[in-house]
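Student: Could you take one strand of this model and walk me through it closely, then work outward to what surrounds it? I'd like one connected account rather than a list.

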Amino acid sequence: MVAFNTLTSSIVLVVLGAMAVPSSAVPMIVKNKCSYSVQANQLTNVVGNPKAVVLSPGQSTTFDVASNWGGRIWGRKGCTGSSDCQPSAPSSLAEFTLNGAGGKDFYDVSFVDGFNLPISVAPNGGTTHTNKYDCGTPTCANLPSCPAQFQVKDGSGNVIACNSACRAYGTPEYCCTGAYNSPQTCKASQYANSVKQACPDVYSYAYDDTSSTYTCASSSGYTITFCP
């Protein structure tokens with residue numbers, strides 16, 4: 001959905017327009033249901049200045065954001081400080097554009113760059129569901145398998161994340177760039193398809209919009225859960 005995944009494009013045009021709207025605080029509740037500590041990170045598009053909070057198992061925190069906020073929230077395992085300790089490793093992203101086109105919130109779970117933690121995003125309230133994408137809860141409770149060539153390891157040899165094919169190979173056909181920069185020319189690869197089969201709700205590659213973008217008209221905030 002969101003902007004700064006070079007790859008996901010569907011909502012980027014509404015992000016900048018939404019940023020100018022007068023705003024009030026919206027709670028983004030982050031819960032850690034993993035059996036290990038997770039560092040929760042929050043970043044505002046364009047502005048930057050990420051925030052980070054380490055959550056022990058069972059703990060939660062709240063990031064208050066503007067009602068026109070556009071940004072992302074992600075988690076890291078094995079971080080103990082106040083900054084993103086593995087910035088070069090991919091992560092499972094919760095992406096948001098609040099008060100976007102038609103006054104709706106747009107949100108998704110993106111594995112376009114890769115993934116590292118099971119994750120879900122749930123609106124706190126909202127309109128009656130007309131389908132799973134109307135105030136629904138995109139979830140990946142069991143991560144896809146990670147090919148050996150995509151694995152990201154720490155200094156001790158432990159796998160801490162999994163790259164996408166684009167991140168691993170950097171070629172236009174996987175990254176939907178150059179001659180492949182359109183829904184008509186960039187199609188899901190075998191690697192994107194394997195991600196989608198394991199976690200049907202997530203963005204698996206740049207133009208996975210129709211089966212991965214969620215909207216909600218009247219949510220009072222969102223809950224992001226690691227290890228749902």
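Tutor: Let's take β5, which is mostly covered: 7 of its 8 residues are buried. Keep in mind that this is a predicted model, so read everything below as computed from that prediction.

β5 has a partner in β2, and another in β6. With β2 (residues 38–44), the pairing is antiparallel and runs over 7 bridges. To find your place in that ladder, look for Trp-74 of β5, which stands opposite Asn-41. With β6, the pairing is again antiparallel, this time over 4 bridges. Here the pair to look for is Gly-70 and Thr-97, the latter in β6. As a reminder for reading any such ladder, side chains in a regular strand alternate between the two faces of the sheet.

Now to the space beside the strand. β5 (residues 70–77) gives the most to the lining of the second largest pocket, with 3 residues. That pocket holds about 200 Å³ of space. It has 13 lining residues, and those closest to its centre are Arg-72, Trp-74, Arg-76, Pro-87 and Ser-91. So Trp-74 turns up twice in this story: it faces Asn-41 across the strand pair, and it is among the residues closest to the centre of this pocket. By class, the lining splits into 7 nonpolar, 1 polar and 5 charged residues.

Follow β6 (93–97) onward and you come to the loop between β6 and β7 (105–110), where Asn-99 sits. Stop there for a moment, since Asn-99 has a positive phi, near 55°, and is not a glycine. Its relative accessibility is 27%, so Asn-99 counts as partly exposed. There is another residue of this kind in the segment after β14 (222–226), namely Cys-227. Cys-227 is also a residue other than glycine with a positive phi, near 60°. Its relative accessible area is 17%, and under 20% means buried, so Cys-227 counts as buried.

That segment brings us to β14 and its partner β9. These two strands pair in the antiparallel sense over 5 bridges, and Val-121 stands opposite Ile-224 of β14. β9 (residues 119–123) is mostly covered, with 4 of its 5 residues buried. β9 also pairs with β10 (residues 139–140), antiparallel and over 2 bridges. In that pairing, Ser-120 stands opposite Thr-139 of β10.

There is also an open sheet to look at, built from 3 strands in the order β8-β12-β11 with antiparallel pairing. β8 and β11 (151–153) are the edge strands, each with a single partner, so one side of each has no neighbour in the sheet. β8 is joined to β12 by 2 bridges, running antiparallel. If you want an anchor, Phe-115 has Cys-162 of β12 as its bridge partner.

β8 and β12 lead on to the largest pocket, which contains about 270 Å³ of space. The elements giving two or more residues to its lining are β8 (114–115), β12 (159–163), α2 (165–169), α3 (172–175) and α4 (190–198). Of these, α4 provides the largest share, 4 residues. The lining has 27 residues, and nearest the centre lie Ser-164, Ala-165, Tyr-191, Ala-192 and Ser-204. By class, the lining counts 18 nonpolar, 7 polar and 2 charged residues. Set that beside the second largest pocket, where β5 gives the most residues and the lining includes 5 charged ones.

Finally, step back to the whole chain. The protein has 4 helices and 14 strands. Buried residues make up 50% of its 228 residues, which is the backdrop for β5 with 7 of 8 buried. As for contacts between residues at least 6 apart in sequence, 67% join residues at least 24 apart. The accessible surface comes to about 9,900 Å², and 52% of that belongs to carbon and sulfur atoms.

Methods
Residues are numbered from 1 along each chain as its sequence is written. This is a predicted model: local features need pLDDT of at least 70, side-chain atom pairs count only at pLDDT 80 or more; totals for chains, interfaces and linings use all residues. Side-chain values use heavy atoms; hydrogens and water are left out. Buried means under 20% relative accessible area, exposed over 50%, partly exposed in between (1.4 Å probe, protein chains only). Contact means heavy atoms within 4.5 Å. Accessible areas come from the Shrake-Rupley method with a 1.4 Å probe; for residues, only the protein chains shown count as cover. On a 1 Å grid over the protein atoms alone, a cavity is a set of points where a 1.4 Å probe fits but cannot get out, and a pocket is an open set with protein on both sides within 12 Å along at least five of seven lines; lining residues have an atom within 4 Å of a point. Grid points are joined across faces, edges and corners, and a volume is the space filled by probe spheres set on the points. Ala, Val, Leu, Ile, Met, Phe, Trp, Tyr, Cys and Pro count as nonpolar, Asp, Glu, Lys and Arg as charged, and the others, Gly among them, as polar. Two strands pair if DSSP finds at least two bridges between them.
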